[in-house]
Amino acid sequence: MDAKPERADAARNRAKILAAAGEIVAARGVEALAMADVATAAGVGVGTLYRRFGDRSGLAYALIDERERQFQAAFIEGPPPLGPGAPGLARIRAFLHALVDRTAAQLDLLVMAETATPLARFGGAYDLYHSHLVMLIAQVEPGADAFCLADALLAPLAAPLLAHRLRAGEATADRIKTALDSLLTGLGAERSP
């Protein structure tokens with residue numbers, strides 16, 4: 001069954017809420033994202049906000065959503081090497097590099113969203129990333145345990161870990177990309193018996 005289209009007034013409220021939340025995050029950071037402040041800035045009731053988004057992490061996910069949709073479109077149907085048409089290993093590398101950049105760009109929002117509950121990181125986008133990598137790894141190395149390798153490649157890109165490493169000055173986005181490239185050198189390599 002098709003979902004009902006969003007009412008015009010609900011769509012306007014959603015846009016006002018997301019614009020207000022985005023302005024608050026841009027001006028004061030994600031820690032200042034309070035539901036009451038967003039409701040006031042958007043000119044809606046707090047109850048509307050809670051019904052629509054549930055809580056701060058739901059609001060964070062909504063703020064993340066547009067950039068996430070663009071990222072997904074790029075690796076599903078965009079130009080190579082991120083999108084189809086490039087060899088598997090080149091696509092994996094492009095995907096991981098783009099995911100580092102995508103995560104770093106909305107790091108504070110992603111940390112909030114990924115730590116809302118113990119398993120908040122998993123499901124949704126993570127499952128799509130994982131499935132995408134499983135498919136590509138299986139193309140590159142058919143006998144590999146693509147399922148576990150996909151998790152291993154995604155693990156360093158957990159937003160809380162990435163935030164910790166970047167903020168402590170222990171790593172840069174380029175250093176993380178180089179490390180991921182090193183992990184990829186074993187994929188598709190000829191194995192001696």
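Helices are taken here as DSSP runs of H or I with at least four residues, strands as runs of E with at least two, and both are numbered from the N terminus. By this reading the chain of the predicted model holds 10 helices and 0 strands, and along the sequence its elements follow the pattern α-α-α-α-α-α-α-α-α-α. Taken along the principal axes, the C-alpha atoms of the chain fill a box of roughly 65 × 45 × 30 Å. One loop of this helical chain carries a cis peptide bond, which joins P80 and P81 with an omega of about 10 degrees; P81 is found in the loop between α4 and α5.

The packing of the helices was examined pair by pair, since two packed helices are described by the angle between their axes and the distance between the axes. For α5 and α7, the axes come within 8 Å and cross at roughly 155 degrees. Because angles over 145 degrees count as roughly antiparallel, α5 is roughly antiparallel to α7, and the crossing of the two helices is left-handed. On the α5 side the contact is made by G88, L89, R91, I92, F95, L96, L99 and R102, and on the α7 side by Y129, H132, L133, M135, L136, I137, Q139 and V140. By class, the residues of this contact of α5 with α7 divide into 11 nonpolar, 3 polar and 2 charged.

The helix α6 takes part in two further pairings, with α4 and with α9. In the pairing with α4, the axes come within 8 Å and cross at roughly 135 degrees, an angle that makes α4 oblique to α6; the crossing is left-handed. Here R56, S57, A60, Y61, L63 and I64 in α4 meet L109, L110, M112, A113 and E114 in α6, and the residues of the contact comprise 8 nonpolar, 1 polar and 2 charged. In the pairing with α9, the axes lie 8 Å apart and the helices pack at an angle of about 140 degrees, so that α6 is oblique to α9, again with a left-handed crossing. The residues L107, D108, L110, V111 and E114 in α6 meet A159, P160, L162, A163, L166 and R167 in α9, and this contact of α6 with α9 divides into 8 nonpolar, no polar and 3 charged residues. Two residues of α6, L110 and E114, are thus listed both in the contact with α4 and in the contact with α9.

The largest pocket of the model has a volume of about 350 Å³ and is lined by 19 residues, of which Y61, L110, A125, Y126 and Y129 lie nearest its centre. Its lining draws at least two residues from each of α4 (56–77), α5 (88–105), α6 (107–114) and α7 (124–140), with α4 giving the most, 5 residues. By class, the lining of the largest pocket consists of 10 nonpolar, 4 polar and 5 charged residues. Several of the residues nearest the centre of this pocket also appear in the helix contacts described above: Y61 of α4 and L110 of α6 are among those that join these two helices, L110 also takes part in the contact with α9, and Y129 of α7 belongs to the contact with α5.

The second largest pocket holds about 190 Å³ of space, and its lining is made up of P156, L161, L162, R165, E170, A171, R175, I176, A179, L180 and L183. Both α9 (159–167) and α10 (173–184) supply at least two residues of this lining, and the largest share, 5 residues, comes from α10. The lining of the second largest pocket has 8 nonpolar, no polar and 3 charged residues. Among its lining residues is L162, which on α9 also meets α6 in the contact between those helices.

Notes: Residues numbered from 1 in each chain as written. Predicted model: local features only at pLDDT ≥ 70, side-chain atom pairs only at ≥ 80, totals over all residues. Heavy atoms only, no water. 1 Å grid on protein atoms, 1.4 Å probe; cavity = no way out; pocket = protein on both sides within 12 Å on 5 of 7 lines; lining within 4 Å. Points joined across faces, edges and corners; volume = space filled by probe spheres on them. Nonpolar A, V, L, I, M, F, W, Y, C, P; charged D, E, K, R; others polar. Axes fitted to C-alpha atoms, helices over the stretch in contact; angles between N-to-C directions. Parallel < 35°, antiparallel > 145°, perpendicular 65-115°, else oblique. Left-handed = near helix turned anticlockwise from the far one by under 90°. Contact = heavy atoms within 4.5 Å.
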